[in-house]
Each structure stands twice: as structure tokens, then as C-alpha cells.
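Visitor: I would like a close look at a single part of this model. Please take one strand and follow its contacts outward.

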Amino acid sequence: MKYLFDLHTHTIASGHAYSTLKENMEEAAAKGLLAYGFSDHSEAVPGSCKNIYFMNFKVIPRKYKGVLILRGVEANIMDFKGNLDVDENVLKRLDYVIASLHTICIEPGSLDENMNAYFGAMSNPYVKIIGHPDDGRYPIDHDALAKEAAKRGVVLELNNSSLNPMSARVGGRENAAKMLLAAKKYGTYVVCNTDSHYADYVGDFGNCDDLLNESAFPKELILNNSMEKLKLILNKDIEDL
């Protein structure tokens, strides 16, 4: 499958990534992506950027070497009600919002607590993507997650980095396979992202591709093969799209 965009990527602003925004944009262009999104961690991750970082994105070009540049954030889910560490006045400025659980921000809870965290995040009108819901340290009900996501018009992420055997996440591949099975069952959209923390990995979907083929996942439920479907996860109309 041809992957047209990559929206979950990090720059040096995240504090534990190692490439600049310009380097990532160059890689996106070299890989032939039609759209590239950067989504640095919000402030609860130690060493990451404060909310003010997300307020001046107007200086970044919308197009770079033919690639549409999208401005996002990977927001941290901070409690079991799904509250985020990003102010609404910031969220409304962004093109898209990924909401994720990170152990450095919130200790894993019970299955019910973890599900409530995800459901609460989904109730935020700016959240259209649930990031890497595949970490076994946060037990979840994949069927319930996929069903609720489909109901709310939220997309689940298939995270290429989680499928790497060296990932710190527990049981990433096994849990991602369960997520795909549930998404297929409920007709839930999935977006593939690299979660790259180094420029060379931008647009590299090899792990995702392997699992999607192995799972015989329907292409019509994958967003990355259509710029039209990309609109489903944007919080604003992008004239250049």
C-alpha cells in the first residue's frame, strides 16, 4: 500500500528526539509523502515543550517541497477522566490532536480506569486520534475501545514504533493485532504513524505494512491511502489539502 502521510513524529522540541523539524520535513519529501505532520509531546513529558511552543506555528510553511505540512501535538492523558495537559486555547489552533497514555505521566490503572481514561479523552472535541493503544502495561478491552471510537468518529493508531521488538511498550505487536481485529469488527478507522524520534524513520511504515497484510485488514478502513480520508482527523479545513 502507498502511505501518503505520517502524522505522529517528534522533533528535538520533545526533549528525547534527535532531529529538527527541517530534517524531518526533508525526509518526508524524500520518501514521497504528500503530507507530513509533527506532533511533539506536550509539557507533562519531562524536557518537552511548554504550551507556548504550539502558539507560533504560523511561521512554519504550509508546503515544503510539495509536501503539505500539518501542525499537531501528542497530548498526554493525565488522569482516568481523560483530561489532557494542553489548554483548549492551544488545541483549537492545531490541525490535529493525538491523545496518548505514557507511564511517565500517569501510572497504569485497572482495565476500567484505563478505559475511562481513553473514553474521557475521546469526549474532547479536538481529539481525533488515540495514540498507540497497544501498551500491555495499560490493560484495555480492545473491542470496547474500537466500538466507542467508531461511535465517536475517533481513529485508532497503528504505531510502527510499537511493533519494533526493541520498543519499551509491552506486547505491542500482539496488542496491535487485537486492535486491528476489533477495528475490523466495528468498522473503526485506523491511521498508521511512525512515532519517529529520528528523521530517518519518518515515513517508514514497514512494521505496520507487515501486520496489516498478516491481519488482512481492509484497506478502506486505513486512512493513509487517501488524502480525502485525512480530513476525518483534522480539526480545521486546510485549503491546500
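Which residue of strand 5 does A75 stand opposite?

Guide: A75 stands opposite A99 in strand 5. The model is a predicted one, and what follows was computed from it.

Strand 4 is the part to follow, and strand 5 is one of its partners. Strand 4 runs over residues 67-76, and strand 5 over residues 96-100. The two pair in the parallel sense, over five bridges. Strand 4 is mostly covered: 10 of its 10 residues are buried. Its side chains alternate in direction, with V67, I69, R71, V73 and A75 pointing one way. L68, L70, G72, E74 and N76 point the other way, and both sets are buried. The buried positions on strand 4 thus include R71 and E74 as well as V67 and L68.

Strand 2, residues 35-38, is another partner of strand 4. This pairing is also parallel, over four bridges. Within strand 4, I69 is the residue that Y36 stands opposite.

Strand 3 meets strand 4 in another sense: the two run antiparallel and are joined by two bridges. K63 has L68 as its bridge partner in strand 4. Strand 3 (63-64) and strand 4 form a hairpin with two residues between them. K65 lies in the loop between these strands. Its phi is near 50°, a positive value in a residue other than glycine. K65 is exposed, with a relative accessible area of 56%; the cut-off for that class is over 50%. The turn residue K65 is therefore exposed, whereas the 10 residues of strand 4 are buried.

A positive phi also occurs at H132, where the value is near 30°, again in a residue other than glycine. H132 lies in the loop between strand 6 and helix 4. At 2% relative accessibility, H132 counts as buried, while K65 counts as exposed.

The loop of H132 leads on to another set of parallel strands. Strand 6 (residues 129-130) pairs with strand 7 in the parallel sense over two bridges, and I130 has L156 as its bridge partner in strand 7. From strand 6 the chain passes through helix 4 (residues 142-152) to strand 7, a right-handed β-α-β crossover. Strand 7 also pairs with strand 8 in the parallel sense, over four bridges. Here E157 stands opposite V191 of strand 8. The connection from strand 7 to strand 8 passes through helix 5 (residues 172-186), and this β-α-β crossover too is right-handed.

Strand 7 can be set beside strand 4 for its cover. It spans residues 155-159, and five of its five residues are buried. V155, E157 and N159 point one way from strand 7, L156 and L158 the other way, and all are buried. The two bridge residues named above, L156 and E157, thus belong to opposite-pointing sets.

Aromatic rings add further links. The structure holds six aromatic pairs. One of them joins Y3 and F205, which are stacked at 4.4 Å centre to centre with 15° between the planes. Y3 lies in the segment before strand 1 (5-6) and F205 in the loop between strand 8 (190-193) and helix 6 (206-214), so this pair ties together parts that are 202 residues apart in sequence. Both Y3 and F205 are buried. Y53 and F57 form a pair that is edge-to-face, at 5.4 Å centre to centre and 90° between the planes. Their cover differs in class: Y53 counts as partly exposed at 26% relative accessibility, and F57 as buried at 7%. Ring pairs link Y53 and F57 with F38 and F54 into a cluster. F38 falls within strand 2, residues 35-38, the parallel partner of strand 4.

Last comes the setting of these parts in the whole chain. Its secondary structure comes to seven helices and eight strands. The radius of gyration is 16 Å, close to the 18 Å that the globule rule gives for 241 residues, so the chain is as compact as a globular protein of that length. Its C-alpha trace spans about 45 × 35 × 35 Å along the principal axes. Of the 241 residues, 55% count as buried. Among contacts between residues at least 6 apart in sequence, 77% join residues at least 24 apart. The chain exposes about 10,200 Å², of which carbon and sulfur atoms supply 51%.

How values were computed: Residues are numbered from 1 along each chain as its sequence is written. This is a predicted model: local features need pLDDT of at least 70, side-chain atom pairs count only at pLDDT 80 or more; totals for chains, interfaces and linings use all residues. Side-chain values use heavy atoms; hydrogens and water are left out. Rings of Phe, Tyr and Trp (its six-membered ring) pair if their centres lie within 6.5 Å; planes under 30 degrees apart count as stacked, over 60 as edge-to-face and the rest as tilted. Buried means under 20% relative accessible area, exposed over 50%, partly exposed in between (1.4 Å probe, protein chains only). Two strands pair if DSSP finds at least two bridges between them. A crossover is right-handed if, with the strands pointing away from the viewer, the path from the first strand over the helix to the second runs clockwise. The radius of gyration is taken over C-alpha atoms; the globule rule is 2.2 Å times the number of residues to the power 0.38. Contact means heavy atoms within 4.5 Å. Accessible areas come from the Shrake-Rupley method with a 1.4 Å probe; for residues, only the protein chains shown count as cover.
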